[in-house]
Amino acid sequence: MADAATLRPQVRPVAGDLIRHLATRHGDRELAVLGDRRLTYAEADQQSAALAKGLLASGMGKGARLGLLAPNGPDWIVTWLAGSRIGAVVTLLNTYAPPPELDRALRHADTAVLVTVATRRGHDVLERLALAVEGIVDQPHERIR
């Protein structure tokens, strides 16, 4: 039987190195499945690298505060990996949080950039954000590519 040391991947303990290692080793194998959506290790590596570049281009970087308001699933994984790849501090936010709790969490985490979904199981997440954070509707926004 192999000991624990031989089972650990021989990579630096950072998300980018880990997902690259796993993509090389397990490329087309599924990392996550949500309904009809499937995400392979290779896709997670490629998509998180592309999103990381977009985050860097938008001014994010090591130590920057990135909020993630999305349900568990492939997009959540890709976004977390992207933020982690660039050294951002990723704050995971509850998609069911009521507006006052969401406001408190965003302020407490000193969130600079928020990646979110528009809806979650029929609930308007953007409307909840508008109720939670005064003036957020007027903030510049766009898709990060």
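A residue is called buried here when its relative accessible area is under 20%, exposed when that area is over 50%, and partly exposed in between, with a 1.4 Å probe and protein chains only. By this definition, buried residues make up 37% of the 145 residues in the protein chain.

The structure is a predicted model, in which local features need pLDDT of at least 70 and side-chain atom pairs count only at pLDDT 80 or more, whereas totals for chains, interfaces and linings use all residues. Residues are numbered from 1 along each chain as its sequence is written, and side-chain values use heavy atoms, with hydrogens and water left out.

**The chain as a whole**

Helices (H or I, at least four residues) and strands (E, at least two) are DSSP runs numbered from the N terminus, and the protein chain has six helices and seven strands. Read from the N terminus on, these elements follow the order α-α-β-β-α-β-α-β-α-β-β-β-α. The accessible surface of the protein chain, from the Shrake-Rupley method with a 1.4 Å probe, comes to about 9500 Å², and 52% of this surface belongs to carbon and sulfur atoms. With contact meaning heavy atoms within 4.5 Å, residues 24 or more positions apart account for 62% of the contacts in the protein chain with a separation of 6 or more.

**The sheet around β3**

Two strands pair if DSSP finds at least two bridges between them, and an open sheet of three strands, paired in parallel, has the order β4-β3-β5. Because β4 and β5 stand at the edges with a single partner strand each, one side of each is left without a neighbour in the sheet. Axes are lines fitted to C-alpha atoms, for helices over the stretch in contact, and angles run from 0 to 180 degrees between N-to-C directions; with direction ignored, neighbouring strands of this sheet are turned by 25 degrees against each other on average. Helix α6 (residues 125-132) packs on the sheet, where this helix touches β3 and β5, and its direction makes about 150 degrees with that of β5.

Strand β3 (residues 65-69) has four of its five residues buried, so β3 is largely enclosed by the rest of the structure. The table lists residues of β3 with their opposite residues.

| Residue in β3 | Opposite residue | Partner strand |
|---|---|---|
| L68 | L92 | β4 |
| L68 | V115 | β5 |
| L69 | T116 | β5 |

Four bridges join β3 to β5 (residues 113-116) in parallel, and β3 also pairs with β4 (residues 89-92) in the parallel sense over four bridges. From β3 the chain crosses through helix α4 (residues 74-85) to β4, and this β-α-β crossover is right-handed, a term that applies if, with the strands pointing away from the viewer, the path from the first strand over the helix to the second runs clockwise.
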